Amino acid sequence: MSWTVNSCFVTLAILFLWRVEEVAEACSCSPSHPQQAVCNADVVIRAKVTGKQEDDVGNDIYGNSIKQIKYDIEQIKMFKGSTQDIDAIYTAPSPSVCGVTLETNSTEYLITGKLKTDGKVHITLCHLIQPWDALSTTQKNSLTQRYEMGCDCKIIRCTSIPCTIRGPQECLWTDWVLERTVNGAHARNFACIKRSDNSCAWYRGAELPKKDFLDIEDP
């Protein structure tokens, strides 16, 4: 009898740990530079949230109801993605499972997300979601072309000193070690741009890079 009780306890403990691991994995992501977030996203839009509702999308393997939040949006501008206007985005029901909470008070957002096979756009806490007015002028201007010029580059986040890059196609992102924030000067004012010799370098400013920055002559 004791063995049976212990076995049941172990089984329940394992199931619990599996559930905890699933939740942890569901929202496991490292901070990324805005350029990386834009390059990695399927969809990048400026939009205003106009409504919110909870949808039931079925049951999990334990018989629990699976919920998701549907945000109705008014698309203002499409920077990347479908040629058709997006009128809704979807997310998990709570931050504990990576769900995003948006205001429905006419706040405009920059929204990056993933386009699923069902044609719906899904967002998580791992995506770049920012109030439009919180973005710098450089960030706003970079959405149309400048970020795209460095999508083949790799941005390396420096978390402690010393930190280095391993090749010419990498840019070292130092906001965290210098300012203790991921929304510092590099995130707000710089883009990692690929140059004519295939090397990558930080470029500052709201305008597109000049020819003398892009053109590097081979030695």
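Start by selecting Cys39 and Cys151: the two form a disulfide, with their sulfur atoms 2.0 Å apart. Keep in mind as you click around that this is a predicted model. Look down the S-S bond and you'll find -90 degrees about it, which makes the link of Cys39 and Cys151 left-handed. Now colour by secondary structure. Cys39 sits in helix α2, while Cys151 is in the loop between α3 (137-142) and β7 (154-157), so this pair ties together parts that are 112 residues apart in sequence. Switch on the surface for a moment and check Cys151: with a relative accessible area of 34%, this cysteine is partly exposed.

**Zoom out for a moment**

Show the whole cartoon. You should be able to pick out six helices and 10 strands. There are 219 residues in the protein, and buried ones make up 35% of them. If you like contact maps, take those contacts between residues at least 6 apart in sequence: 53% of them join residues at least 24 apart. As for cysteine links, the structure holds five disulfides, and the tour stops at two more of them.

**Next selection: Cys158 and Cys163**

Here a disulfide joins Cys158 to Cys163, S to S 1.9 Å. The torsion about this S-S bond is about -90 degrees, so the disulfide is left-handed. Which of these cysteines is buried, and which is partly exposed? Cys158 counts as buried, at 1% relative accessibility. Cys163, on the other hand, is partly exposed, with a relative accessible area of 23%; the cut-off for buried is under 20%.

**Then Cys171 and Cys192**

Select this pair and you'll see another disulfide, S to S 2.1 Å. What is the handedness of the link of Cys171 and Cys192? With 75 degrees about the S-S bond, the link is right-handed. Cys171 belongs to strand β8 (residues 170-173) and Cys192 to strand β9 (residues 190-194), so to speak a bridge between distant parts of the chain, 21 residues apart. Turn the surface back on and both Cys171 and Cys192 prove to be buried.

**Follow β9 into its hairpin**

From Cys192, stay on strand β9 (residues 190-194) and bring up β10 (residues 200-204) beside it. The two strands, β9 and β10, pair in the antiparallel sense over five bridges. For a landmark, pick Phe190, which stands opposite Arg204 in β10. Then walk along to the turn: the hairpin of β9 and β10 has five residues between the strands, and Asn198 takes a positive phi near 75 degrees there. Before you leave, check how covered β10 is: four of its five residues are buried, so to speak a mostly covered strand.

**Last stop: a pocket**

Finish at the second largest pocket, which has a volume of about 380 Å³. To centre your view, select Ser32, His127, Leu128, Gln130 and Val182; of the 22 lining residues, these lie nearest the pocket's centre. Which elements give two or more residues to the lining? They are α2 (34-40), β6 (129-131) and α5 (185-189). You have met α2 already, as the helix that holds Cys39. Colour the lining by class to end the tour: 15 residues are nonpolar, six are polar and one is charged.

Terms used
Residues are numbered from 1 along each chain as its sequence is written. This is a predicted model: local features need pLDDT of at least 70, side-chain atom pairs count only at pLDDT 80 or more; totals for chains, interfaces and linings use all residues. Side-chain values use heavy atoms; hydrogens and water are left out. On a 1 Å grid over the protein atoms alone, a cavity is a set of points where a 1.4 Å probe fits but cannot get out, and a pocket is an open set with protein on both sides within 12 Å along at least five of seven lines; lining residues have an atom within 4 Å of a point. Grid points are joined across faces, edges and corners, and a volume is the space filled by probe spheres set on the points. Ala, Val, Leu, Ile, Met, Phe, Trp, Tyr, Cys and Pro count as nonpolar, Asp, Glu, Lys and Arg as charged, and the others, Gly among them, as polar. A disulfide is a pair of cysteine sulfur atoms within 2.5 Å. Buried means under 20% relative accessible area, exposed over 50%, partly exposed in between (1.4 Å probe, protein chains only). Two strands pair if DSSP finds at least two bridges between them. Contact means heavy atoms within 4.5 Å.
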